[in-house]
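Biologist: I am new to this structure and would love a close look at a single part of it. Could you pick one spot, walk me through it, and then show me what surrounds it?

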Amino acid sequence: MKVAVVTFPGSNCDYDLYKAAQQVGAEPTFIWHRERGLDGYDAVLLPGGFSYGDYLRAGAIARMSPVMEDVIAYATKGGPVLGICNGFQILCEAGLLPGALVRNSGLKFASKDVLLRVERNNTIFTSSYTAGQVLRIPIAHGEGNYEADRETLERIEEGGQVVFRYVDSAGDTTDDANPNGSWHGIAGLVNEGGNVLGMMPHPERAMEDLLGSTDGIGVFTSLIASLSALAS
Amino acid sequence: MAITVSTVDENPTDTAVAPRPGDPEITAELVADHGLSEDEYERIKTMMGRVPTYTELGVFSAMWSEHCGYKNSRRLLRLLPTEAPWVIQGPGENAGVIDVGDGYALAFKIESHNHPSAVEPYQGAATGVGGILRDIFTMGARPVAILDSLRFGDLTSGRVRYLFGGVVSGVGDYGNCMGIPNIGGEVVFDRGYEGNPIVNAMCLGLMKKEELITASASGEGNSLMTVGARTGRDGIHGATFASDELSEDADEASRPRVQVGDPFTEKLLLEASLELIASGAISGIQDMGAAGITSSASEMAGRGGSGVEIDMALVPVRESGMTPYEILLSESQERMLVVAEKGKESEVQRILEKWELEAEVIGHVTSDGRFRVMEGGVTVADIPALPLTEGCPTYERDGVESPEVIALRARNLSEYLLPRGNMTQTFLKLLGSPNIASKQWVYHQYDTTVRTATVVRPGGSSGVIRIRGTNRAVAATTDCNGRFVYLEPRQGAMIAMAEAARNLVCVGALPTAITNNLNFGNPLKPHIYHQFREAVLGMSDACTAFETPVTGGNVSFYNETDGKAIYPTPVIGMVGVIEDVSKITPSTFQAEGDDIVLLGENTDEMGGSEYLYVTARLVAGAPPQVTLLAERALQQSVLAMIGGRHLKSAHDCSQGGLACTLAECALGEGEEPRGASVSLSDDLPPVALLFAESQGRILVSCAPAETERVLAIAGEHGVAAKTIGTVGAVGGSFQISLPQGSINCPSTAMAEVFFGAIPAIMDAPATSGA
C-alpha cells in the first residue's frame with residue numbers, strides 16, 4: 001500500500017505521519033511540495049505543521065504550491081486524501097472541503113488531549129471504529145475553530161459529512177468539551193464523496209500506549225482496510 | 001572549563017587600518033559608551049599596537065562584553081567539575097554533549113533572554129527559544145525538546161500579567177511552529193522579579209554519536225558562508241545591552257535592540273543545517289547569536305587556531321547603506337556561519353536553495369591568526385583573533401555578604417509556626433498561589449506531543465523523551481528556588497541541584513549532567529559577587545556529589561532595575577538517562593488503596609517557604625539545610641525502587657511542603673482528582689509538618705503488597721521511610737490528620753482551586769487601569 005506524505009516548507013508532523021503509516025503496514029513516501037505527480041499512490045496524506053509559517057492565513061500559501069494541483073486532481077478523481085491539522089486547513093483553503101478554520105475562540109494556542117466522538121463508521125477513514133465510540137486524541141493548534149455559513153453547515157450536517165465531534169467523557173457535545181469554539185463541535189469532516197477527510201486532532205500522535213493513547217490507530221487501519229478491499 | 005586566557009599579544013604587528021570616512025572619532029566618551037573601562041581600552045591599544053578604528057571598537061565592545069567575554073564569571077566557573085566518562089563535549093562549544101547509550105548522544109544547553117523579554121516579552125522570549133535551538137542543531141543534533149524556566153513579579157500587577165502572557169505566547173509560538181515539543185520547566189512569581197523577569201530556555205537534541213560537528217574554522221582557504229536570513233539593523237549591540245542594567249525608561253529606547261524572530265525561516269534553517277552536516281560539504285558551523293557575525297567568525301577562528309578574512313560587502317543585507325560596524329554587530333535572527341570545504345560552496349548553495357534559503361561566501365579561513373574585516377576589499381578591521389576571543393580581561397572580585405540578608409536569615413520565625421485560622425482554608429490558599437497552582441494555562445499553549453516521543457509531558461516531575469529505535473529515554477528538568485539562594489546562596493544552589501536530581505529520579509532517570517543559567521544582578525557590587533561566588537561553590541559541591549558535571553551554560557548578570565537586583569537565580573537544567581522506557585514512573589497517584597510512603601524526614605525549617613510568602617508576604621529565615629550524601633542515598637533508593645518496579649508514583653516534595661505535594665499527587669492533570677487519607681504523627685508544629693519545605697524528601701505510592709519491599713529498600717540505603725496514608729477514590733475526600741488539627745476537603749474543591757487559580761487571573765476581562 002503506497003501512500004504519499006506531502007511536505008511543505010514548515011510542515012512539522014510529516015515524520016510522525018510517515019511513522020504512523022509505517023506502523024499500520026503502509027509504504028510511505030515523502031513528496032516535497034515542488035514535486036509533481038501523485039499517480040501510483042493509494043492515498044495522499046497532508047501532515048500538520050506551520051506551512052509557510054501560517055503567514056497570511058493557515059494553509060493559504062501552501063494551497064498555492066505546485067503539488068496542490070495534483071492533490072486536487074487526485075481528490076477529484078476519488079482518491080483518498082487525509083489532511084490533519086495544517087493539512088485540514090490546506091484542504092479547506094484549496095476548496096476540497098467546505099468551511100474554514102479560524103482563530104481558536106480563546107485566542108490562544110490549544111495543546112492537550114481531547115475526547116472525540118466517532119459520528120460515522122461507514123467511511124474509509126473510520127471503519128475500524130464503532131459509531132458513537134469516544135476517542136482520546138491530542139490537539140495542538142491555534143486556528144482550529146471550524147466555521148461555515150449556515151447553508152453549508154446545514155448541508156454538511158444533513159449529508160452526514162461530520163465524522164468527529166469534540167465531546168465530554170459522557171460523549172456529549174458541550175461548550176467545556178469544545179477546545180476551540182468550532183461550530184457544532186466539529187473536529188473532522190469528509191467531503192461529499194467521502195474520499196477526503198480533514199481533522200484538527202492528531203491521530204498519528206495516538207498510536208502507542210507509551211505515549212498515552214492508541215485511539216488514533218483506527219484512522220490508519222480503516223484506510224488500509226478500505227484500500228485493500230478496493231484492491232482485491 | 002578548559003579555557004586558556006591568553007593575555008596581550010607578545011608581538012603586536014603593525015597593521016595600520018585607516019579610519020573609514022564618516023566614522024566618529026575615538027574619544028574617551030565613545031569608549032565608555034561601548035561599555036569598556038579605561039583599563040580595558042588601554043589593553044586593547046597595547047594588543048593592537050595602535051588606536052582601534054570605530055569598527056574595531058565595536059567588535060571589542062561586543063566580544064569583551066560580559067555576555068560574550070564572561071569577564072566576571074570565568075575564573076569562578078573554572079571551579080565547576082566538567083568531566084566524566086560520558087561527557088563527549090564540555091563547556092566552550094555551542095552546547096554540551098553527553099553519551100546516552102545505544103550509540104546516541106544528547107546535546108543540551110540553557111540560555112537566557114531576560115533583558116529582551118523585559119522590553120518586548122513576545123519577541124524577547126521567542127528569539128530566546130530560537131537562539132537555543134540553533135545552539136543545538138549546530139552541533140549536528142536534531143532538537144527534540146524544549147523546557148522553559150520563567151520568573152515574573154506578582155501576578156497582581158497588570159504589567160506583570162502583560163509580561164507573563166507575552167513571554168508564554170512567544171515561547172509557545174516559536175517552539176510550536178518549529179514542531180519541537182515543550183516538555184517542562186517552571187514558572188515562578190515573586191516580587192523579587194518585578195522589574196526584571198527571567199526567561200531561560202533549554203533545548204535537548206539527539207544525534208548518533210558520529211554526527212557530532214563543532215564550531216571551528218580550520219583549513220586554510222576554506223570558505224566562510226552566511227546561511228539563512230539576511231542581515232538587518234535589528235539587535236545591534238544586543239550583547240552589550242544584555243550586559244547592562246535596566247532602567248524604568250529603558251523600554252522604549254531599548255526596543256530596537258531586541259531582535260525579531262521568524263520561526264518559519266528557522267525551521268527551514270534547521271532542516272538545511274542538518275542536511276548540510278550530513279552532506280560532508282562543511283567542516284564547521286556556528287549560530288550567529290549574540291554579537292552576530294563578529295562573535296561567530298572570531299570564535300570559530302579562535303577555536304580553530306586559525307584566522308579569518310571576511311568582506312562586509314559580500315554579506316546579504318536587508319537594507320542598503322549598512323556600515324561594516326552595523327553588519328558586524330547586527331543580531332538579526334535565523335542566521336548561521338558555516339565553513340565550507342574548498343570547492344564545495346556550490347553544494348552548500350544547492351542544499352540551501354532546496355530549503356528556499358540563501359547562502360553566500362563572505363570570506364575565507366586564513367592561517368595568520370587575524371580577524372580581518374574588509375569592505376569591498378578595503379580593510380576596516382584587523383585584530384588578532386585569539387586575544388579578541390580569549391583575551392578579554394577576567395576579574396575575581398571581593399564579595400561581601402549584604403548585612404540585610406544576614407539579618408533576614410537570622411530572623412526568628414517561631415511566631416509564624418503558630419497556626420493561623422482554619423487549616424484547610426490556609427491549605428487551599430496555598431494551593432491557589434500561582435507558584436503552586438497548576439501551570440496548565442502555560443503548557444496548554446505549548447505543543448507537547450509533536451514528534452511522537454513525549455512520554456512524560458509538562459506537569460510531571462521531569463519531561464521524558466523516548467529515543468526511537470531503542471528502549472531508552474532521556475529526562476530533563478529545570479529547577480531553582482531563588483528565595484533560598486537569596487537567603488543563603490551556597491545552600492540555595494545545592495538545593496536547586498538536589499531538587500533537580502530528585503525530579504529526575506522520580507521518573508526513573510539517572511541524573512547524568514547539567515547545564516546552568518546563572519541569573520544574577522550587577523557583579524561589580526560586592527554583595528552580588530558574594531552571591532555568585534557562593535552559588536558557584538555550592539553548585540560545584542553538588543555536581544561532584546551527584547556525579548553530574550557541567551557541560552555548558554550561560555551567565556546573565558546585570559539583572560537589575562533601578563539598582564534593585566533580582567534574587568540570585570542559578571537555574572539548573574539537569575538531564576538524566578532512562579534505560580528501560582517501560583519503567584518510567586508517573587508523579588500522580590494511580591489506584592485507590594495504594595499505600596503512600598514518605599521517604600526522608602520532616603523538619604520545622606520554614607525559612608524562605610511559600611507558606612511565609614503567602615501568609616505573611618515574608619521572605620526570611622534560613623533556607624532548609626541540604627545534606628548532599630543523604631540526597632544521593634535518597635536518589636539511589638528511589639532508582640532501586642523504580643528499577644524493581646515497586647512504585648506506582650513518585651513525586652519530589654518541595655514548594656508548599658508535604659501538604660501541597662500530596663495534593664499534587666492526588667490531583668494529577670485534573671481529569672481524575674483523587675482523594676487521600678493521610679495521618680502524620682511527627683512531633684512538629686502543624687504548620688511545619690504541612691508546609692515546611694524540608695529537603696531530602698520524596699513521596700511515593702505503591703500497591704500494599706509492595707510496601708514492605710519499598711521500606712526495606714529505603715532502609716538498605718539509610719533513608720528514613722514510613723507509610724503515611726492511603727490513596728483514595730476518584731472524587732473522594734482529601735484528608736490529612738495531625739496530632740493537633742487536620743485538613744479535610746473534597747478533592748473536587750481542591751481541583752477547582754488548583755486548576756482555576758491562574759486562568760482566573762489571566763483570562764479575566766481586563767480591568768481598567770491594569
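**A close look at C85(A)**

Modeller: Let us begin with C85(A), which sits in the loop that links strand 4 (81-84) to helix 3 of chain A. Please keep in mind that this is a predicted model. The backbone at C85(A) has a phi near 60°, which is a positive value in a residue other than glycine. C85(A) has a relative accessible area of 5%, so it counts as buried, since the cut-off for that word is under 20%.

What lies beside this residue? C85(A) is among the residues nearest the centre of the second largest cavity, along with G49(A), F50(A), A140(A) and H141(A). As a general idea, rolling a probe the size of a water molecule over the atoms shows where empty space is left. The structure holds seven cavities of 30 Å³ or more, and the second largest has about 110 Å³ of space. Its lining is made up of 18 residues. Two elements of chain A, helix 3 (86-93) and strand 7 (134-141), each give two or more residues to that lining. By kind, the lining residues of the second largest cavity divide into five nonpolar, nine polar and four charged.

Now step back to the chain that holds C85(A). Chain A has five helices and eleven strands. Its radius of gyration is 16 Å, close to the 17 Å that the globule rule gives for 232 residues, so chain A is as compact as a globular protein of that length. Along its principal axes, the C-alpha trace of chain A spans about 45 × 40 × 35 Å. Of the 232 residues in chain A, 60% are buried, and C85(A) is one of the buried residues. If you take the contacts in chain A with a separation of 6 or more, 75% of them join residues 24 or more positions apart. The accessible surface of chain A comes to about 8700 Å², and carbon and sulfur atoms account for 48% of that surface.

For some company, here are a few places in chain B. Like C85(A), D562(B) is a residue other than glycine with a positive phi, here near 50°. D562(B) lies in the loop between strand 19 (560-561) and strand 20 (564-565) of chain B. With 48% relative accessibility, D562(B) counts as partly exposed, whereas C85(A) is buried. A positive phi of about 55° also turns up at G668(B), just after helix 24 of chain B. That helix, residues 657-667, is mostly covered, with eleven of its eleven residues buried. Among them are G657(B), C660(B), E664(B) and L667(B).

Two more loops of chain B are worth a visit. T53(B) is found between helix 2 (38-48) and helix 3 (54-63) of chain B, and it counts as buried at 6% relative accessibility. Setting aside neighbours within four places in sequence, T53(B) is in contact with V17(B), A18(B), I26(B) and V380(B). G92(B), by contrast, counts as partly exposed at 47% relative accessibility. The loop that holds G92(B) runs between strand 1 (87-89) and strand 2 (96-101) of chain B. From G92(B) to D595(B), 503 residues apart along the chain, the C-alpha atoms are separated by 48 Å.

Methods
Residues numbered from 1 in each chain as written. Chains lettered and ligands numbered in written order. Predicted model: local features only at pLDDT ≥ 70, side-chain atom pairs only at ≥ 80, totals over all residues. Heavy atoms only, no water. Helix = DSSP H or I, 4+ residues; strand = E, 2+ residues; numbered from the N terminus. Buried < 20%, exposed > 50% of the residue type's maximum accessible area, 1.4 Å probe, protein only. Contact = heavy atoms within 4.5 Å. 1 Å grid on protein atoms, 1.4 Å probe; cavity = no way out; pocket = protein on both sides within 12 Å on 5 of 7 lines; lining within 4 Å. Points joined across faces, edges and corners; volume = space filled by probe spheres on them. Nonpolar A, V, L, I, M, F, W, Y, C, P; charged D, E, K, R; others polar. Rg over C-alpha atoms; globule rule 2.2 N^0.38 Å. Areas by Shrake-Rupley, 256 points an atom, 1.4 Å probe, with all protein chains shown as cover.
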